[in-house]
Amino acid sequence: TGSTRPQRLLRAVQKKATQGDPQSVIATIDHFCRHSEWAMNVGDEKGSILDSVVTELNPSSALELGTYCGYSTVRIARLLPPGSKLITLEFNPAYAAVARQVIAWAGLNDKVQLVEGPSGDLIPQMKELFGVQTFDFVFLDHWKDRYLPDTKLLEECGLLRKGTVLLADNVICPGTPEYLEYIRNSSRYESRYFKSHLEYTKVEDGLEKSVFLG
Ligand SMILES: O=C(NCCO)c1cc(-c2ccc(F)cc2)cc(O)c1O
Ligand SMILES: [Mg+2]
């Protein structure tokens, strides 16, 4: 019974990153994934695109599907204005346990609410459980076959408003063909593809940014 990769990533953060400094947490994870063990964080290259979308939008209410170790949670939350909130959903309890500690180390507990459970069950409860009206921004980075059903669920639950931005990771690798087909052909979205690479590799991947038109 040894440690898991997320636990080794957390150990690196607690050993090398400065408490309360999100940038050092991000840099430590990127270094760990480049030089020690690859892990499925969005990474620095796609992470810069994520940063620019969040900065431009300046969202008050944001949702992340798929927390993993909390890397993109920290990237997003560090850019949010005071008083705004990021809700992040994670199905895997072992991932959630690591993510809570990474988010805490970065000093971002006030901006982040991590909820454990299946997104398909939690999305319909957003309004009653967390007092959410609509989301300004949604980052999709969970199971790739859940991107489409959960997007339809967000629509049906009235959680999107005119101008809500959806940003989807991994639309090329591992790939989300049904999601891309739907979102690019729907008259209710305006989409754009940001070509990049799979985190810490030379393999092509990219982010799809889609604006809900209402
Ligand atoms: O499954 C993913 N996320 C949901 C679970 O937390 C995921 C997988 C990969 C990946 C893995 C294995 C490979 F060979 C290539 C890509 C990359 C990602 O960015 C991801 O988000
Ligand atoms: Mg991803």
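This dialogue goes through confidence, a strand, a core and the empty spaces of one predicted model.

Reader: What should I know about the numbering and the scores before reading this model?

Author: Residues are numbered from 1 along each chain as its sequence is written, and chains are lettered from A and ligands numbered from 1 in the order in which they are written. Because this is a predicted model, local features need pLDDT of at least 70 and side-chain atom pairs count only at pLDDT 80 or more, while totals for chains, interfaces and linings use all residues, and side-chain values use heavy atoms, with hydrogens and water left out. The chain averages a pLDDT (the predictor's confidence in each residue, from 0 to 100) of 98, with 100% of the residues scoring at least 70, and the model scores ipTM 0.99 and pTM 0.99.

Reader: Is strand 7 enclosed or not, and which strands does strand 7 pair with?

Author: In a regular strand the side chains alternate between the two faces of the sheet. Strands here are DSSP runs of E with at least two residues, and helices are runs of H or I with at least four, numbered from the N terminus; two strands pair if DSSP finds at least two bridges between them. Strand 7 (residues 204-212) has 7 of its 9 residues buried (under 20% relative accessible area, 1.4 Å probe, protein chains only), so strand 7 is largely enclosed by the rest of the structure. Strand 6 (residues 189-197) runs antiparallel to strand 7 and is joined to it by 9 bridges, with Phe-194 opposite Leu-207, whereas strand 5 (residues 160-168), also antiparallel to strand 7, is joined to it by 4 bridges, and Leu-166 there has Ser-210 as its bridge partner.

Reader: Which residues have the most contacts inside the largest nonpolar core?

Author: In soluble globular proteins, nonpolar side chains tend to be buried together. A nonpolar core is a set of buried Ala, Val, Leu, Ile, Met, Phe, Trp, Tyr and Cys residues joined through side-chain atoms within 4.5 Å; the largest one has 42 residues, and Leu-9, Ile-29 and Phe-137 have the most contacts inside it. Helix 5 gives the most to this core, with 6 residues.

Reader: How many cavities of 30 Å³ or more does the structure hold?

Author: Rolling a probe the size of a water molecule over the atoms shows where empty space is left. On a 1 Å grid over the protein atoms alone, a cavity is a set of points where a 1.4 Å probe fits but cannot get out, and lining residues have an atom within 4 Å of a point; a volume is the space filled by probe spheres set on the points, which are joined across faces, edges and corners. The structure holds 1 cavity of 30 Å³ or more, and about 40 Å³ of space lies in the largest cavity, whose lining includes Met-40, Tyr-68 and Asp-141.

Conventions: Buried means under 20% relative accessible area, exposed over 50%, partly exposed in between (1.4 Å probe, protein chains only). On a 1 Å grid over the protein atoms alone, a cavity is a set of points where a 1.4 Å probe fits but cannot get out, and a pocket is an open set with protein on both sides within 12 Å along at least five of seven lines; lining residues have an atom within 4 Å of a point.
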